[in-house]
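Here's a quick tour of one chain, going from domains down to single side chains. Have the viewer open and follow along.

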Amino acid sequence: MKYLSNQDIKDCQRNISDIKPYKTTKEIVVSNIFTFFNAMNLALAVLVATTLRFENMLFLGVIAINTAIGIFQEVRSKNALEKLSLLGKSKYRVNRDGQTIEVAPEDIVLGEYLHLNLGDQVPVDAEVLEGNIEVDESLLTGESDSVFKTAGDKLMSGSNVVSGTCLVTATAVGPDSYINKLAKSSKEFKKYPSQLRDYMDKILKIVSILLVPVAILLYVRGFSLGRTYIEIVLGSSGALVGMIPEGLILLVSVSLAVAAMKLAKKKVLVQELYCVETLARVDVLCFDKTGTITTGNMKVQEMDANVAEKLSSYLAYFEDENATSRALKTYLTCEKKWEVQEVGAFSSKNKYSFVQVKDGGTYFFGAYEFLGFTQPMDTYYEHLKQQGFRILTLAHSKDHIMSPANMELLGHVVLSDEIKDNTKETFDYFESQGVEVKIISGDNHVAVYGVARKAGFKEEARAIDMTKVSEQDFERVVLEHEIFGCVTPEQKQKMVSILQNAGKTVAMSGDGVNDVLALKKADISFAMKGATSAAKSVSNIVFLTDDFAVFYDILMEGRRVINNIQKVASLFLTKTFFSIVFAILSVVFGLEFAFIPIQFTIISAITIGIPSFFLTFESNKEKVSTHFMRDILTNAAIGGGILVASVLLTNFLITVPGQVKFICFLLALFNGLCLVAKVSLPFNRYKLVLLVLLSLAALVGVLANTFILQGAYVPLETIQVVYVAILAVVIGGLHYLTRRKN
């Protein structure tokens with residue numbers, strides 16, 4: 001056995017990656033401060049400062065506060081996730097100072113002697129020294145076929161061990177390893193698909209394109225009408241400040257970060273922030289049986305003496321550390337008694353392992369259906385399967401072979417697995433919400449059905465053996481059945497694809513290397529507690545708890561984020577819609593823009609900033625609308641359209657400029673409060689208190705407005721008060737008629 005000394009370890013390069021799973025604090029600060037819209041706002045502030053009307057620069061203070069809150073929340077979430085990620089990291093066995101110890105992947109050094117087993121993701125580039133393994137390199141090369149590796153062969157970091165055990169030496173670590181070079185060469189390597197991000201990018205692109213041309217038109221039109229420099233700057237700046245949805249992107253990123261932090265408190269590690277969005281859209285959940293529905297703490301329930309004697313020697317030749325082998329090795333006293341010619345490790349594809357004994361033929365251990373027997377299993381064991389027990393079979397051939405032929409049945413082993421708490425309640429809730437659940441396992445379908453029933457899964461669920469399904473019937477079977485047994489890794493991946501092609505948003509949970517292909521293919525993937533490093537590496541979310549009810553918490557957190565962003569986004573875009581449309585109309589008709597920057601700042605704070613902050617973090621368990629962007633734009637167009645019409649009407653009917661600005665300010669506040677009320681439906685005590693406080697803040701804003709207008713303010717006459725009251729009723733009525741009906 002080869003070992004590294006302490007001195008060797010000190011002098012060697014460590015496996016520290018340049019690729020970070022989360023933004024650094026510096027990146028968070030930079031990304032929140034140095035934005036296109038912040039630059040535009042700063043330029044507008046400089047122009048406003050030249051008028052010496054410094055009170056109109058208040059919008060800069062609001063932006064600074066928003067940015068500071070965003071930085072604080074994102075850094076706080078990052079710190080919580082980084083602490084949790086330390087608990088979720090897999091350990092690797094290495095040879096140091098005469099003993100074998102476990103270390104974290106970043107503590108592996110160049111030249112390290114490293115043991116790899118079934119389920120491990122290769123953490124460094126390496127060369128095989130002893131043993132034989134099969135590796136899946138599909139995550140790196142795209143080739144789905146497993147590759148056999150033996151002494152002298154090279155291993156690429158990022159590949160997954162699907163069978164066997166070996167000792168390797170690390171040949172490249174950290175930034176020099178293949179997986180890190182690949183990540184650097186592809187900027188999109190870690191980018192997670194997101195409808196929400198795509199929608200926000202489109203909105204920002206449109207606003208960015210319109211900003212400069214509208215600004216130029218407003219300035220040129222103002223000069224052509226003979227307005228003063230101060231009037232032009234304040235009017236144009238008011239329009240441009242209104243066009244910028246400065247808090248919307250910030251609110252989205254903060255919402256996602258807070259959601260990830262809340263899940264971290266429940267011991268759920270979110271490895272990609274934008275996957276929180278996908279949680280809300282999931283309508284099919286694919287569960288693996290072992291480790292997901294069950295705890296994975298298996299126990300031997302029945303084994304006859306002959307089988308026990310053979311297995312105590314058989315298992316001594318395997319170093320696999322999965323739930324089944326742990327249970328068997330705990331039950332037996334394993335000791336190498338045979339002279340072995342060759343060992344074939346268990347693989348998820350074959351469903352068996354084998355040991356060739358010199359002058360003793362070959363022993364096979366695995367699933368009965370895959371060991372070449374033509375006769376059905378004894379009815380006693382079939383009955384045990386129906387009750388949810390797992391049955392493994394030991395068989396023997398007189399020949400030295402690598403696949404079952406001419407087999408003699410030696411006996412069976414009966415194992416039980418513990419069902420997790422809260423499974424029935426969680427299954428029932430998903431069914432009530434229209435979320436379809438499918439249970440996919442490599443075990444016998446009868447046994448899987450038995451476990452599912454013990455866990456409280458619906459009695460009418462249909463179970464099927466996937467080895468009996470033809471290529472022609474595969475798609476129909478996947479769509480019509482709920483429980484699938486004897487599923488290969490490739491079939492799991494294909495099943496996810498079929499569901500996605502049927503228009504479903506698919507979530508997949510798993511814990512083993514046999515789940516990796518499906519986990520990678522799914523829209524969102526969960527690695528369960530105790531999952532292999534390979535499963536963790538491709539999953540968007542890693543569980544560090546055995547609580548099955550956490551699936552409910554995850555779904556609800558996703559719904560909260562998306563539903564609340566949908567509500568508050570319409571508040572931001574109402575202001576943007578109004579500013580763009582009215583700015584264009586003011587150029588066409590020669591109107592002065594309705595608001596100066598400080599007025600828009602007050603309106604935005606009361607009807608957008610404050611309510612959006614509180615509504616974003618409110619609990620929301622509603623199903624997510626399938627028309628996310630359409631609903632946002634419809635609400636924004638209605639709110640913005642009503643305000644445009646109200647301000648235009650006021651400009652044409654009211655002749656005194658000071659009264660026009662004051663009335664427009666009143667109508668904008670009232671329209672904004674109506675929109676807040678509309679997106680807050682259905683009301684609860686929390687929302688009603690918020691609306692009352694916002695109304696009081698609006699009254700303060702109205703009083704402040706009389707000082708803002710300074711000498712231009714002219715008190716309203718009775719007829720004008722009646723006009724405002726009538727228009728307010730019309731505005732309220734239009735919002736009521738266009739409310740969302742639950």
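How much area do domain 1 and domain 4 bury between them? About 500 Å², with 47% of it on carbon and sulfur atoms. Keep in mind that this is a predicted model.

**Where the domains sit**

The chain splits into four pieces, and some of them are stitched together from separate stretches of residues, such as domain 1 with 6–11 and 91–185. Here is the layout:

| Domain | Residues |
|---|---|
| domain 1 | 6–11 + 91–185 |
| domain 2 | 196–243 + 556–738 |
| domain 3 | 268–293 + 420–546 |
| domain 4 | 303–415 |

**The domain 1 and domain 4 interface**

Measuring centre to centre on C-alpha atoms, domain 1 and domain 4 are 29 Å apart. Their contact draws on 7 residues from domain 1 and 6 residues from domain 4. Three residues do much of the burying on the domain 1 side: Leu 118, Ser 163 and Thr 165 supply 56% of the area that domain 1 buries against domain 4, more than any other three residues.

What holds polar company across this interface? The rule finds 2 residue pairs in polar contact, both at pLDDT 80 or more, but 0 salt bridges. Strand β7 (residues 160–172) gives the largest share of the domain 1 side, with 4 residues. Sorted by class, that side has 2 nonpolar, 4 polar and 1 charged residues.

**Phe 427**

Now for a single side chain. Phe 427 belongs to helix α15, which covers residues 423–432. Is Phe 427 buried or exposed? Its relative accessible area is 5%, so Phe 427 counts as buried, the cut-off being under 20%. Setting aside residues up to four places away in sequence, Phe 427 touches Phe 287, Ile 293, Val 437, Ile 439, Ala 455, Gly 456, Phe 457 and Phe 548. There's also a long hop in sequence to look at: Phe 551 is 124 residues away along the chain, yet its C-alpha atom is 9.9 Å from that of Phe 427.

**Asn 651**

Last stop: Asn 651, in helix α23 (residues 628–653). Which backbone oxygen lies 2.8 Å from a polar atom of the Asn 651 side chain? That of Val 647. Beyond its neighbours within four places in sequence, Asn 651 is in contact with Phe 582, Leu 591, Val 660 and Cys 664.

How values were computed:
Residues numbered from 1 in each chain as written. Predicted model: local features only at pLDDT ≥ 70, side-chain atom pairs only at ≥ 80, totals over all residues. Heavy atoms only, no water. Helix = DSSP H or I, 4+ residues; strand = E, 2+ residues; numbered from the N terminus. Polar contact = N/O pair within 3.5 Å; in protein donor to acceptor, adjacent residues only side chain to side chain. Contact = heavy atoms within 4.5 Å. Domains from an automatic or database assignment. Buried area = accessible area lost by both parts, 1.4 Å probe. Salt bridge = Lys/Arg side-chain N within 4 Å of Asp/Glu carboxyl O. Nonpolar A, V, L, I, M, F, W, Y, C, P; charged D, E, K, R; others polar. Buried < 20%, exposed > 50% of the residue type's maximum accessible area, 1.4 Å probe, protein only.
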